[in-house]
Amino acid sequence: MKKAGLEDKVKKLPHGMETMFGKESNEDAVDFSGGELQKLMLARALYKQAPLLVLDEPTAALDPLMESELYQQYRRFSEHKTTIFISHRLASTRFCDRILLMEDGVVAESGSHEELLVQEGKYAWMFRLQSKYYQKKEAQKEAGLEGEEV
């Protein structure tokens, strides 16, 4: 729990590690936020100490800043393991050793982040398109205009 960043959350729970989770099945239980759920899944994977991790859209419920923080954690915990990240958010690909861009069930492009940007293919186009969105969000947040149309 500590490595996954949930130690403080668990300490604040009514019954610590014994607290029930999931209000839909037990009204005395607690629910976690999207980010906390992602951290919980990471904690479970770390606990198993498996040599292979498969993370399917592990940051889908997170904002860009939390997403970046969580991916840095994933990178540290993935050392000496094979980790497969499945994601439509290309901001998560910078630290991957090898990226496979799938299109219609086949590998359309393959390489590191830098290699794929140099190729100027679909990956580069999609990465630049998505990065503009993240930059806009960051600028809005810094200007105190988060959530407003600019």
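Just after helix α2 comes Gln-49, with a positive phi near 55°. The model is predicted, and phi here, like every other value in this report, is computed from it. Most residues other than glycine have a negative phi. Two further residues that are not glycine also have a positive phi: His-80, near 65°, and Glu-120, near 55°.

His-80 sits in the loop between α3 (64-78) and β2. Its relative accessibility is 84%, so His-80 counts as exposed. Glu-120 belongs to the loop between α4 and α5 (122-142). With a relative accessibility of 54%, Glu-120 is likewise classed as exposed, because the cut-off for that class is over 50%. The table sets these two loop residues side by side.

| Residue | Phi | Relative accessibility |
|---|---|---|
| His-80 | near 65° | 84% |
| Glu-120 | near 55° | 54% |

Helix α2 itself covers residues 34-48, 15 residues in total. From the first C-alpha to the last, α2 reaches 22 Å, which is close to the 21 Å expected at 1.5 Å a residue. Its buried residues are Gly-35, Gln-38, Lys-39, Leu-40, Leu-42, Ala-43, Ala-45 and Leu-46. An α-helix has 3.6 residues a turn, so residues three or four places apart point the same way. Among the buried residues of α2 are Gly-35, Gln-38, Leu-42 and Ala-45.

The next topic is aromatic pairing. A search of the whole structure gives 3 aromatic pairs. In one of them, the ring centres of Phe-85 and Phe-95 are 5.2 Å apart and the ring planes stand at 85°, so this pair is edge-to-face. The angle is decisive here because planes over 60 degrees apart fall in that class. Phe-85 is part of strand β2 (residues 82-86), whereas Phe-95 is in the loop between β2 and β3 (99-103); the pair therefore ties together parts that are 10 residues apart in sequence. Both Phe-85 and Phe-95 are buried.

Which residues does His-113 contact, leaving aside its neighbours within four places in sequence? They are Thr-93, Arg-94, Ile-99, Tyr-123 and Phe-127. Of these, Ile-99 falls within β3 (99-103), and Tyr-123 and Phe-127 fall within α5 (122-142). His-113 itself lies in helix α4, which spans residues 113-119. Its relative accessible area is 4%, so His-113 is buried, the limit being under 20%. In contrast, the histidine at position 80 is exposed, at 84% relative accessibility.

Conventions
Residues are numbered from 1 along each chain as its sequence is written. This is a predicted model: local features need pLDDT of at least 70, side-chain atom pairs count only at pLDDT 80 or more; totals for chains, interfaces and linings use all residues. Side-chain values use heavy atoms; hydrogens and water are left out. Rings of Phe, Tyr and Trp (its six-membered ring) pair if their centres lie within 6.5 Å; planes under 30 degrees apart count as stacked, over 60 as edge-to-face and the rest as tilted. Helices (H or I, at least four residues) and strands (E, at least two) are DSSP runs, numbered from the N terminus. Buried means under 20% relative accessible area, exposed over 50%, partly exposed in between (1.4 Å probe, protein chains only). Contact means heavy atoms within 4.5 Å. The expected span of a helix is 1.5 Å times one less than its number of residues.
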